Amino acid sequence: MPRTQQSCRDGALLSMANVMLLILLLLNCDGMNTSETTSSPESNPVITTKKAASKGQSQVIIEELTILSPQYIELLCNLTDLPNNPLYITGYWTKDGQEIENSEETVNRNNEQYVLKRTFSIQTRDLGNYSCLFREIEAQVTFVLDVPVMKDKRDKPIVSYIGDSVVLQCKLKHTPNTWNWYKANNTEKVFINVTANPLNYKILNNGTITKLTVLNLTEEDSGKYICSAEFDIKPSESYMELKVMSYTEPLKPFIAIVVEVVVLVTLILLWEKCNKPQQNNSSGGENDVYSEQTRKLTHDDSNGFEKNMARQRKLEH
C-alpha cells in the first residue's frame, strides 16, 4: 500500500507540473501575440508624384488629376527655356487662388531647369486647384485635384408620360465602390430605396454604369434625380431633370391655335352679318337715284326730239 500511495502521489505531482507548464506556455504565447499586435512601427507613406513641364516665361498649363482615395501626392513643376537663364528664381504655391503659407522658396538653376516641388496630404477638404507660380515671370502650372467627373450631363429635362417607364443612366471612366440614387426634395436629398419600393424603382449597377428605372410614372415623379458614385475620398454626383406629362399635354398648343381660328372666323361672320342690311339699303338708294337720272335723261331726249320735229315742219312750210 505505501508503494501504491507513493506512486499515486508522484503521478499527481507530475500531472500538476505538466498543467502548470502548459499554462506558462499559453501565457507566454499570449504575451507574444499581444506584443506583435500592439507594436505598430510607423511606415513611410506612399507618395505619388505628378510632374508638369512649362517652357518659356508666360506659358500656363493645366493638369487634371483624378483622386480616388486619401493620399500623399508630390506636385512638381519643371520650368525651362527662360530668357537670360538667371541663377535662381522665387517660386510659391497657391490653392484655389490663395497663396499657401510658408510655401515660398528659392529655386536654383540646375542644367538649365528650375524645379519647384512640394508634397501635399490630400483628404476630402484638400481637393481643389493647386498652382505653382514664380515671382519674376508669368509661367504657371495648375493641378486640378478632384474625383472623377461625369461629363455627360444633360442640360434639358428628360420628358416622359404618365403610366410609362423611364431609364436614367450615369457612367464614369473609373469604377466606384458603389452607386447610390437620390431624389431632390427642395434642399434635401432623399435616398431611393429599391427594396422598400420594388414597384416604383429598379436599379442596375454594372461597374462604371448605373441605371435607374422609374416604373408607372405619375406627375409626382417629376423632379431632379441624383446619381452618386461613392469613392473613398468623396462621392462624384450628377444631376438630371425628369418631367412627367399627360398625353394631352403636347396637344395643348394645337388646341389653342384651333380655338383662336374658330373665334376669328366667328367674329368675321358676325361682322359680315351685321353690315349686310346697311349694304342692301345703300345699294337700294343708289338704284333709285340711277332710275331717276335715267328717267330725266329719257324725258329730255323726248323733248329734244319733239322740238326738232317741229322745226323741220316749219322749214317745209
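Biologist: Which residues make the nonpolar surface patch?

Modeller: Phe-254, Ile-255, Val-258, Val-259, Val-262, Val-263, Leu-267 and Leu-270 make that patch, and it covers about 730 Å². Keep in mind that this is a predicted model.

Biologist: Where does Leu-270 lie?

Modeller: In helix H2, which spans residues 252-316.

Biologist: And how exposed is Leu-270?

Modeller: Leu-270 is partly exposed, at a relative accessible area of 46%.

Biologist: OK, stepping back. How many helices and strands does the protein have?

Modeller: Two helices and 17 strands. Of the 317 residues, 26% are buried.

Biologist: What about the surface: how much does the protein expose?

Modeller: About 22800 Å², with 53% of that supplied by carbon and sulfur atoms.

Biologist: And what share of the contacts comes from residues far apart in the chain, say 24 or more positions?

Modeller: 66%, counting contacts with a separation of 6 or more.

Biologist: Let's do sheets. What's the strand order in the five-stranded one?

Modeller: S10-S17-S16-S12-S13, an open sheet with mixed pairing. Strands S10 (158-161) and S13 (188-191) are at the edges with a single partner strand each, so one side of each has no neighbour in the sheet. From one strand to the next, the twist averages 35 degrees.

Biologist: Mixed, right. Which way do S10 and S17 pair, parallel or antiparallel?

Modeller: Parallel, over four bridges. One pairing to look at is Ile-158, whose bridge partner in S17 is Leu-242.

Biologist: Which residues of S10 are on the covered face?

Modeller: Ile-158 and Ser-160 are on the covered face, while Val-159 and Tyr-161 are on the uncovered one. That fits the general rule that side chains in a regular strand alternate between the two faces of the sheet.

Biologist: And on to S16 and S17: how many bridges join them?

Modeller: Seven, with S16 (residues 223-230) and S17 (residues 236-245) running antiparallel. Ser-228 stands opposite Glu-237 of S17 there.

Biologist: Glu-237, hm. Which residue meets the side chain of Glu-237 in a salt bridge?

Modeller: Lys-189, at 2.6 Å from N to O. Lys-189 is in strand S13 and Glu-237 in strand S17, so the salt bridge ties together parts 48 residues apart in sequence.

Biologist: Are those two buried or exposed, or something in between?

Modeller: In between. Lys-189 is partly exposed at 43% relative accessible area, and Glu-237 is also classed as partly exposed, at 22%. For Glu-237, the cut-off to hold in mind is that buried means under 20%.

Biologist: How many salt bridges does the structure hold?

Modeller: Four. Among them is the pair Asp-96 and Lys-95, whose side chains meet at 3.1 Å, N to O. Asp-96 is partly exposed, with a relative accessible area of 45%, and Lys-95 is partly exposed too, at 22%.

Biologist: What does Arg-135 form a salt bridge with?

Modeller: Glu-99, with the closest N and O atoms 3.0 Å apart. That pair links distant parts of the chain, 36 residues apart: Arg-135 is in the loop between strand S8 (128-134) and strand S9 (140-146), and Glu-99 is in strand S5 (residues 98-99).

Biologist: Which residues are linked with them in the salt-bridge network?

Modeller: The network links Glu-99, Glu-104 and Arg-135. On accessibility, Arg-135 counts as partly exposed at 41%, and Glu-99 is partly exposed at 43%.

Biologist: Back to sheets for a sec. What's the order in the three-stranded one?

Modeller: S11-S15-S14, an open sheet with antiparallel pairing. The edge strands are S11 (166-171) and S14 (201-206), and each has a single partner strand, so one side of each is left without a neighbour in the sheet. The twist averages 15 degrees from one strand to the next.

Biologist: How many bridges join S14 to S15?

Modeller: Six, and the two strands run antiparallel, with S15 covering residues 209-214.

Biologist: Last one: what's the bridge partner of Leu-204 in S15?

Modeller: Lys-211.

Definitions and conventions
Residues are numbered from 1 along each chain as its sequence is written. This is a predicted model: local features need pLDDT of at least 70, side-chain atom pairs count only at pLDDT 80 or more; totals for chains, interfaces and linings use all residues. Side-chain values use heavy atoms; hydrogens and water are left out. Buried means under 20% relative accessible area, exposed over 50%, partly exposed in between (1.4 Å probe, protein chains only). Contact means heavy atoms within 4.5 Å. Accessible areas come from the Shrake-Rupley method with a 1.4 Å probe; for residues, only the protein chains shown count as cover. Two strands pair if DSSP finds at least two bridges between them. Axes are lines fitted to C-alpha atoms, for helices over the stretch in contact, and angles run from 0 to 180 degrees between N-to-C directions. Patches are made of residues with over 30% relative accessible area and no salt bridge: like charges are joined within 9 Å, nonpolar side chains (Val, Leu, Ile, Met, Phe, Trp, Tyr) within 5 Å.
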